[in-house]
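Student: I would like to learn how to read the packing of rings and helices in a protein model. Could you take me through it slowly?

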Amino acid sequence: MFNFFAAAPKGFEYSLANELKGFGAEQVKESVAGVYFSAPLELAYRITMWTRLASRIVLVIYKGPCDSPEQLYNAAYCIDWPSHFSNRSTFSIDFHGTGGFINNTQFGALKIKDAIVDRFRDDGESRPDVSRVNPDIRIDSHYRNGQITIAINFSGSALHQRGYRSTTGEAPLKENLAANMLARCGWQNEPTTLLDPFCGSGTVLIEAALIAADIAPGLQRQRFGFEHWRSHNKAVWQEVVEEAKARASLGKTRCEVKFYGSDIDSRLVALAKRNAQNAGVADLIEFNVANALNVAPPAAEGFLISNPPYGERLGNISELLQLYYQLGDKFKKEFGGWKVAMLCSDIELLSSLKLKADKQMKMFNGALECAFNLYTLHAKSTRRSAPELPEGVDVADIAPAFANRIKKNMKQLTKWAKRENIDSFRIYDADLPEYNVAIDKYVDYVVIQEYAAPSSIPEAVTKRRISDVLLALPHALGINPDNITLKTRERQKGTNQYEKLDSQKLEVITQEYNARFKLNLTGYLDTGLFLDHRVTRKLVGEKSQGKRVLNLFSYTGSASVHAALGGASSITTVDMSNTYLNWAKENFALNGLNDRKFQFVQADCLQWIKDNDHQAFDLIFIDPPTFSNSKRMEDSWDVQRDHLAMLTDLVKLMAPNGEVIFSNNKRKFKMDIDGLNAIGIDVKNIDSQCLPQDFKRNPQIHNVWRLTHAK
């Protein structure tokens with residue numbers, strides 16, 4: 001009797017333990033990411049050939065306490081290595097785990113290597129060679145909680161590599177994960193008609209066909225770890241191999257289970273066919289190129305088991321939510337009598353099926369944690385929402401109050417926007433407390449900005465509401481889900497409003513009165529245009545005729561563009577970011593504004609004000625951040641704390657008949673009017689004059705003030 005450890009991904013332990021017990025293994029004990037068991041040699045061979053769930057099987061030859069490098073060396077040295085493999089065999093060491101005296105796995109592997117070669121030498125034999133590429137013997141060692149386990153890799157390379165894959169598709173599903181899906185959903189116990197409408201490279205269907213046809217998953221493997229082990233019994237192993245071949249030949253002829261696979265990607269379907277051919281089950285599976293939403297049930301009853309897309313393969317989150325909702329609707333209407341098992345890394349996508357799960361489990365696809373949900377579709381399956389949605393009801397009725405508010409707002413705002421000659425505006429701004437988002441329309445696209453929910457609201461509730469918003473919005477607006485972008489905006493301090501999200505760009509051109517601006521709807525948290533400042537920008541343009549204009553904290557220069565179109569004699573545009581200054585230059589070019597009187601300055605605006613008090617401007621527009629601690633700034637900045645000092649310096653740049661338009665977005669900002677009056681500055685609040693129609697329900701969106709020299 002030998003002691004073994006069968007390693008597997010987390011979440012496999014229960015299924016793997018049951019599989020090992022089914023083989024006849026003894027002393028089966030679940031552990032973290034694997035199962036310990038005991039078996040005689042013939043059974044160990046059989047398990048290695050037939051296990052569908054294990055990633056590798058190791059023969060445990062030492063297990064004990066280990067608290068120092070000396071103990072590690074002695075533990076490895078005491079093993080009679082020459083009895084396990086010849087000095088003519090190459091070997092390597094896979095060491096797992098750190099902690100205590102082991103800072104890195106290379107140190108642990110080196111200590112064991114030294115002990116092995118010393119043991120060979122002390123036994124009077126020459127030392128074996130270490131090989132990192134295809135060694136004859138792999139030593140597998142694991143250190144955890146002061147315990148060291150030293151084993152010989154009995155199975156060899158990863159067992160999930162069955163040998164039938166020619167290449168893999170995007171985000172391939174590991175073979176043993178597919179096998180675990182089949183085991184946990186109950187299909188393996190009673191194989192019946194199986195459909196996978198997102199078959200990809202065919203892994204789920206091929207693994208199922210191998211089970212139904214009684215084909216051993218290890219039958220096509222070319223090498224096993226025990227082949228150079230000195231206790232290997234070639235005759236017994238050959239009996240296991242011949243038995244597997246005979247069962248495969250008989251099983252294929254007797255298999256009556258039907259398998260159906262489809263995918264919208266013809267390249268993946270072709271790959272799935274090649275893989276099935278390599279696995280010897282091509283004649284058992286019918287593959288087709290098809291959209292999952294058009295696939296009909298091939299039988300009255302069966303299993304639909306799939307790993308549908310949840311990444312970039314089919315687009316953004318809004319489009320995926322729509323897909324999952326439509327799938328749930330299709331299952332409900334057409335797949336009565338079927339059982340459905342779905343694996344997905346995003347639980348909210350599975351929630352969008354709007355089906356009640358019989359069972360919810362966790363599985364790992366590599367390091368990616370996934371949800372595996374099981375559903376039974378009765379003749380009239382029910383959705384989780386109550387009451388059940390009647391036939392033909394619009395998907396927006398998932399959130400009817402929200403959808404109705406969106407439709408109402410759009411009806412009112414669309415006519416207004418057309419009169420104003422603008423095509424980007426705010427549709428919704430947390431009008432309903434339970435849907436805490438801002439929604440902006442930019443030409444033909446929509447950007448949803450999710451506000452941070454109060455801590456009192458569970459995260460699951462917040463996610464569910466966002467999912468419902470994404471599901472309802474395309475229908476409420478009559479817009480393609482792919483034209484919707486979701487961004488998360490927490491109410492933060494500092495320069496996070498300029499934070500770059502990723503390298504992807506979705507650029508559009510928007511019209512604002514007589515100006516045009518370039519927007520990037522996906523690359524940054526903000527798009528390049530603050531819609532709430534639209535009227536303020538227009539005011540700057542109307543006041544700019546023949547004036548020297550200064551725009552500080554200019555962002556993408558939109559106020560400068562309005563000033564230029566308004567006939568400013570000169571414009572100085574200042575911002576700390578070269579990225580945004582270059583964007584501002586693009587906006588100028590977009591409007592045909594190419595003149596030397598337009599200056600762009602990259603600088604810390606606060607320092608620039610101090611350094612340029614000899615200049616005079618007729619109109620100054622300044623919209624500083626609420627807070628900033630940028631590394632490029634000498635000190636932190638707080639608009640409430642520091643605005644008086646900044647404006648005191650700034651008015652020195654104001655011509656005798658000039659004015660400053662000062663704006664900020666701090667909700668409870670208090671202007672230090674007395675302080676400004678003391679230095680001879682009149683202050684007038686012009687909030688009501690600068691509040692756009694689409695922000696009327698939120699009058700505190702920003703503060704706008706007009707500063708002039710006292711008469």
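Tutor: We will look at aromatic pairs, then at charges over rings, and then at a helix crossing, remembering throughout that this is a predicted model.

Student: How is a pair of aromatic rings described?

Tutor: A pair of aromatic rings is described by the distance of the centres and the angle of the planes. In this structure a search finds 31 aromatic pairs, and one of them joins Phe-402 and Tyr-435, with 5.4 Å from centre to centre and 50° between the planes. Phe-402 belongs to helix α11, while Tyr-435 lies in the loop between β15 and β16, so that the pair links parts of the chain 33 residues apart. Both Phe-402 and Tyr-435 are buried.

Student: Why is the pair of Tyr-555 and Tyr-580 called tilted?

Tutor: The ring centres of Tyr-555 and Tyr-580 are 4.8 Å apart and their planes stand at 50°, so the pair is tilted, since the tilted class lies between planes under 30 degrees apart, which are stacked, and those over 60, which are edge-to-face. Tyr-555 and Tyr-580 are both buried.

Student: Which ring does the charged end of Lys-538 sit over?

Tutor: The charged end of Lys-538 sits over the ring of Tyr-513, at 4.6 Å from the ring centre.

Student: At roughly what angle do the axes of α13 and α14 cross?

Tutor: The two axes cross at roughly 35° and come within 7 Å, and the crossing of α13 and α14 is right-handed. Among the residues making this contact are Lys-538 of α13 and His-562 of α14.

Note on methods
Residues are numbered from 1 along each chain as its sequence is written. This is a predicted model: local features need pLDDT of at least 70, side-chain atom pairs count only at pLDDT 80 or more; totals for chains, interfaces and linings use all residues. Side-chain values use heavy atoms; hydrogens and water are left out. Axes are lines fitted to C-alpha atoms, for helices over the stretch in contact, and angles run from 0 to 180 degrees between N-to-C directions. Helices (H or I, at least four residues) and strands (E, at least two) are DSSP runs, numbered from the N terminus. A crossing is left-handed if the near helix is turned anticlockwise from the far one by less than a right angle, and right-handed if clockwise. Contact means heavy atoms within 4.5 Å. Rings of Phe, Tyr and Trp (its six-membered ring) pair if their centres lie within 6.5 Å; planes under 30 degrees apart count as stacked, over 60 as edge-to-face and the rest as tilted. Buried means under 20% relative accessible area, exposed over 50%, partly exposed in between (1.4 Å probe, protein chains only). A charge sits over a ring if NZ of Lys or CZ of Arg is within 6 Å of the ring centre and within 35 degrees of the ring normal.
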